[in-house]
Amino acid sequence: MALDKQTVARVARLARIHTNDDQLDALARQLSNILGWIEQLREVDTDQTAPMTSVAEMTLAMREDRVTDGAYPEKVLANAPVRTDDFYTVPKVVE
Amino acid sequence: MAELTDLTIAGARDELAKGAISAADLTAAHIAAVDAASDLNAFILTTPDSAAAAAAASDARRARGEVGPLDGIPVAIKDLFCTEGIQTTAASHILEGFKPTYESSVTARLWDAGAVMLGKANLDEFAMGSSNMTSHFGPVKNPWGRSSGRDLVPGGSSGGSAAAVAARAAMGATGTDTGGSIRQPAAFCGIVGTKPTYGRCSRWGVVAFASSLDHPGPLTRTVRDAAIMLGVMAGHDPKDSTSANVPVPDFEAALTGDVRGLKIGIPAEYRMDGMSPEIEGLWSQGADWLRQAGAEIVEVSLPLTKYALPCYYIVAPAEASSNLARYDGVRYGLRVPGEDLTDTYERTRAEGFGEEVQRRVLIGTYVLSAGYYDAYYLKAQKVRTRILEDFRAAFERCDALLTPTSPYPAFGIGEKMDDPIAMYLNDVFTVPASMAGLPAISVPAGLSGDGLPLGLQVISRAFDEETMFRIADVVEGAAGFDTRPR
């Protein structure tokens, strides 16, 4: 399926990746090529097939529902680009 | 005795046990080798001082009689494994300067076993690539190009790991394999690359690419070294919910040299159109070696083979787009300030991610988006079930499969970069086992007409790495391949 510029711009917005208008044509072409190649999967009959949910035949283990980790804000925040006290800081989102 | 850097892990273990060499000398020789190989750009960061200290501590332990299975063995760590207090970048600008405050489970196991870290090995950005050309820190050169003066790729994504081990700058290295990222670079660099069963090695603390496909594993110069190193890296980890709670066998004990009576399947569909005669010749040669060793060769069919790669290029980007959502410029790594929070996210990710990573995040976002999910993602997960069923049917008729690892030997740096699909085709023989979570190993088995290494791949049943190693060991012995780059 061929993607147009508008679709690429919408997907980039969903993916939170800034794009300039002059990039969109090239991206649309590349992504369309890849998707066109992927579409050969339609040839595979999967009417009677369940989608894979886990490659390993295992049931996920249950554990007791209690806190087992935490209480070290210095470690958690050690790599924050910007912080104030024990908080991450972001641009103001409420007017 | 040979140069210290020529020793295998098994050889060094014996020499250390006899007291013939010290861990300090062994590590010093490798630190010098890392320096001498700096032209390869195999490392993003080297850690010679802590390596020397760790080696001295190893000698002290040995003097007290406390010896781990990898005590004093210097290794490289793919820069996708978080190492506490030591920069971990995933070869991405977006993580430049990131110093984890925790240690990945696999590397913690290596240090508990006494291994010594030489540094953090280069890779394709976020392990997305088959050439190591997408690294923010520059491409890695394959040591096999040195003599001819050709700048060849080492393969990828574990390209720095493979180049370092091939160049004798590390005795072994960790890698991760999502679609072939351990096996393909091992084949390109003439060494052994092992992808164990999904769940065998913990993914905890490994920067995530595609969680249902990411497999940590070792790169080494011999099959025996792979068995030793995987034995240390493997094991149940409650911190990874997909880590398998099964015992880890003594992999080294599986190397009996006896493959009599084993049935080795040759999947017809791997004989692709346009396959080079030298690859096909090596493949038949491999089957002959195993036949001569007493194995039975059987033709099997894996009809879905050609669909594994396009299936992978839905599942892997979809999972990547979810996993990479965490890079938002808020909690760690790069932040590029924007007009508001959304603009900050968008500018951070546009500047922080390279071209290939952006492409895959966009593909993944598209195939998961409303209206397309069923047609792409759900369809791919159904095809994936059928790929696994194919393998199950084949394993009714044989104990393991023998295939080539890659459709061609190492290519030049800069080639295939303008055509993503041509680059993706590198992994045509490795992706099917990834989609099915099966253990697979690449063994160097011969040289191309241009004098470059070629690998053969052995795939076995889930959690039967022992059969895989036993067969690989026999192939290695028959090939008599000298892993020294020339």
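**Close-up 1. Crossing of helices α4 and α7 in chain B of the predicted model.** Helix α4 (residues 105-112) of chain B and helix α7 (residues 223-233) of chain B have axes that come within 8 Å and cross at roughly 115°. Because angles of 65 to 115 degrees count as roughly perpendicular, α4(B) is described as roughly perpendicular to α7(B). From α4(B), the contact is made by B:Val106, B:Arg109 and B:Leu110, and from α7(B) by B:Met229, B:Val232 and B:Met233. Five of these contact residues are nonpolar and one is charged, with no polar residue among them.

**Close-up 2. Surroundings of the cysteines B:Cys82 and B:Cys398.** Over all chains, the structure holds zero disulfides. B:Cys82 is accordingly in no disulfide, and the nearest cysteine sulfur, which belongs to B:Cys201, is 16 Å away. B:Cys82 is buried, with a relative accessible area of 3%, and B:Cys398 is likewise buried, with a relative accessible area of 2%.

**Close-up 3. Helix α11 of chain B and the helices that its buried residues pack against.** Helix α11 (residues 355-368) of chain B has 14 residues, which at 1.5 Å a residue should span 20 Å, and this agrees with its end C-alpha atoms, which are 20 Å apart. The helix is mostly covered, since twelve of the 14 residues of α11(B) are buried, including B:Glu356, B:Arg359, B:Arg360, B:Leu362, B:Ile363 and B:Tyr366. In chain A, the buried residues of α11(B) pack against α1 (5-14) and α2 (21-38), and in chain B they pack against α9 (305-323), α10 (341-352), α12 (374-394) and α13 (420-424).

Notes. Residues numbered from 1 in each chain as written. Chains lettered and ligands numbered in written order. Predicted model: local features only at pLDDT ≥ 70, side-chain atom pairs only at ≥ 80, totals over all residues. Heavy atoms only, no water. Axes fitted to C-alpha atoms, helices over the stretch in contact; angles between N-to-C directions. Helix = DSSP H or I, 4+ residues; strand = E, 2+ residues; numbered from the N terminus. Parallel < 35°, antiparallel > 145°, perpendicular 65-115°, else oblique. Contact = heavy atoms within 4.5 Å. Nonpolar A, V, L, I, M, F, W, Y, C, P; charged D, E, K, R; others polar. Disulfide = S-S within 2.5 Å. Buried < 20%, exposed > 50% of the residue type's maximum accessible area, 1.4 Å probe, protein only. Expected span 1.5 Å × (residues − 1).
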